[in-house]
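Please open the model in your viewer, with side chains switched on, and follow the stops below in order.

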Amino acid sequence: MNGLQAYQRVNTQTSITDADPHKLIQLLYNGALERINMAKARMQARDYAGKGQLISKAIEIIGGLRSFLDFEKGGDLAARLEGLYDYMERTLFEANAKNDPARLDEVADLLRSIKSGWDGIREEAAGLSAQTA
């Protein structure tokens, strides 16, 4: 492992340790988007084993996002997100099976849209955390 990779690993571990729940979700979105982008590059390089591993990681991360859904508090929004996450997982699976970069782009676009909304409520989420602390 080179120095940059070691730094990135420590930096990521520190970010996760220091993160509040809102930040953890942001990190998951970033991680999924990063894996999808890397999978697309591996697909274009015809590294199908690497592509498959990266897509599998992205699917796992989206599963992690699903596990954070609170159906009691989130109601209809949580149910819609669950359906969207399910669609993303299936689309990634199809992208992997068919080597279809357009499907990777579709999921990345969906994730960016959701992430943008999530990022937009950062101040509100931080205010709630401060009130409950």
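**A tour of salt bridges**

Begin by selecting Asp86, which is partly exposed, with a relative accessible area of 29% (buried is under 20%, exposed over 50%, and partly exposed in between, using a 1.4 Å probe and protein chains only). The model is a predicted one, in which local features need pLDDT of at least 70 and side-chain atom pairs count only at pLDDT 80 or more, while totals for chains, interfaces and linings use all residues. Residues are numbered from 1 along each chain as its sequence is written, and side-chain values use heavy atoms, with hydrogens and water left out.

Next, add Arg66, whose side chain meets that of Asp86 in a salt bridge at 3.8 Å, N to O (a side-chain nitrogen of Lys or Arg within 4 Å of a carboxyl oxygen of Asp or Glu). This pair links distant parts of the chain, since Asp86 belongs to helix α4 (residues 71-98) and Arg66 to helix α3 (residues 48-67), 20 residues apart; helices here are DSSP runs of H or I with at least four residues, numbered from the N terminus. Arg66 is also partly exposed, at 24% relative accessible area.

Now select Arg90, which forms a salt bridge with Asp86 at 3.0 Å, N to O. Arg90 and Asp86 are four residues apart in helix α4, so about one helical turn separates them, and Arg90 counts as partly exposed at 43% relative accessibility. Add Glu82 and Glu89 to the selection: salt bridges with shared partners join Arg66, Glu82, Asp86, Glu89 and Arg90 into one network.

Finally, move to Arg80 and Asp76, both exposed, whose closest N and O atoms are 2.8 Å apart in a salt bridge.

Methods. Helices (H or I, at least four residues) and strands (E, at least two) are DSSP runs, numbered from the N terminus.
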